[in-house]
Amino acid sequence: MSESSRDGVQSWTETMSARERIRSVTETVREPRSINWISNQADAAWSTTNEELQDLVEQGRLRRVEAGDTTLYQPDYTRLLFAEIRTLIEENTREELRSELAAITEEIEAWQETYDVETWEDLEQSLADSDLSSSDLRDRRDVIAFWRENEEDRQLIKHALELYSDVESAREQMTDMADRATS
């Protein structure tokens, strides 16, 4: 038994299939990537990676991008956006989403007050201040990362709240049709 397994930590190659690892890698890339890069990152055989990428393209989960003689792959970001919004709606009540939105806003307002800035970009500009200690620089970099993440989350939550009624209505219609079909 490997030392990491004894410690309760397993490698993702032990806990996920090659195809699951390939999907995981492709869902998180921020720029188009080659089969070789994806295969290497997923620790999967090139042929398995190629087959899985072709399946994902056919399913509409990935987009193929031609860059000269090289074929690259990237997620369908629109599909991922709607999947995230759907998950937020399915797993949270409106009130929970509103509460999270308020918590994010409070955290951003606290950073604005603490650092006397309006945006994370303003805070980023303050990194050039020569008076800052290395600890202050680290703290500000961390806050910038959290702030940017909060901005993304806030936008997703706003979209979820805007679409909440529409999704509920569609879900009710599907339930009604299913009930009628089984009656």
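How does glutamate 27 count at 40% relative accessibility, buried, partly exposed or exposed? Glutamate 27 counts as partly exposed, given that buried means under 20% relative accessible area, exposed means over 50%, and partly exposed is what falls in between (1.4 Å probe, protein chains only).

Before the points, some housekeeping. This is a predicted model, in which local features need pLDDT of at least 70 and side-chain atom pairs count only at pLDDT 80 or more, while totals for chains, interfaces and linings use all residues. Residues are numbered from 1 along each chain as its sequence is written, and side-chain values use heavy atoms, with hydrogens and water left out.

1. Let's stay with glutamate 27. Its salt-bridge partner is arginine 61, and the closest N and O atoms are 2.7 Å apart (a salt bridge is a side-chain nitrogen of Lys or Arg within 4 Å of a carboxyl oxygen of Asp or Glu). The two come from distant parts of the chain, 34 residues apart: arginine 61 is in the loop between helix 5 and strand 2, and glutamate 27 is in helix 3. Helices (H or I, at least four residues) and strands (E, at least two) are DSSP runs, numbered from the N terminus. Arginine 61 is partly exposed too, with a relative accessible area of 27%.

2. The structure holds 10 salt bridges, and here is another one from helix 3. Arginine 19 meets glutamate 51 at 2.8 Å, N to O, which ties helix 3 to helix 5 across 32 residues. Both ends count as partly exposed, arginine 19 at 29% relative accessibility and glutamate 51 at 44%.

3. Further along the chain, arginine 94 forms a salt bridge with glutamate 168, with 3.9 Å between the closest N and O atoms. That pair links helix 7 to helix 9, 74 residues apart. Arginine 94 is partly exposed at 26% relative accessibility, and glutamate 168 is partly exposed with a relative accessible area of 31%. As for shared partners, salt bridges join Arg19, Arg23, Glu51 and Glu52 into one network.

4. Arginine 21 deserves a look. It is found in helix 3 (residues 18-28), and it is buried yet has no salt bridge. The nearest side chain of opposite charge is aspartate 43, 5.1 Å away (Lys and Arg count as positive, Asp and Glu as negative; His and the chain ends are not counted). A polar atom of the arginine 21 side chain does lie 2.8 Å from the backbone oxygen of methionine 16.

5. Aspartate 43 has its own quirk: a positive phi near 55° in a residue other than glycine. Aspartate 43 lies in the loop between helix 4 (35-42) and helix 5 (46-58). Aspartate 116 has a positive phi of about 55° and is not a glycine either. Aspartate 116 sits in the loop between helix 7 and helix 8 (120-125) and is exposed, with a relative accessible area of 69%.

6. Now the sheet. Three strands form an open antiparallel sheet in the order 1-3-2. Strand 1 and strand 2 stand at the edges with a single partner strand each, so one side of each has no neighbour in the sheet. Strand 2 (residues 62-67) pairs with strand 3 over 6 bridges, while 2 bridges join strand 1 (residues 33-34) to strand 3 (residues 70-75); two strands pair if DSSP finds at least two bridges between them. For orientation, serine 34 has leucine 72 as its bridge partner in strand 3, and glutamate 66 stands opposite threonine 71. The hairpin of strand 2 and strand 3 has 2 residues between the strands, and glycine 68 there takes a positive phi near 70°.

7. Last, the aromatics. The count comes to 1 aromatic pair (rings of Phe, Tyr and Trp, its six-membered ring, pair if their centres lie within 6.5 Å; planes under 30 degrees apart count as stacked, over 60 as edge-to-face and the rest as tilted). The rings of tryptophan 111 and tryptophan 147 have centres 5.7 Å apart and planes at 35°, so the pair is tilted. Tryptophan 111 is in helix 7 (residues 94-115) and tryptophan 147 in helix 9 (residues 134-182), 36 residues apart. Both tryptophans are buried.

Methods: A polar contact is a pair of N or O atoms within 3.5 Å; within protein, one must be able to donate a hydrogen and the other to accept it, and residues adjacent in sequence count only if both atoms are side-chain atoms.
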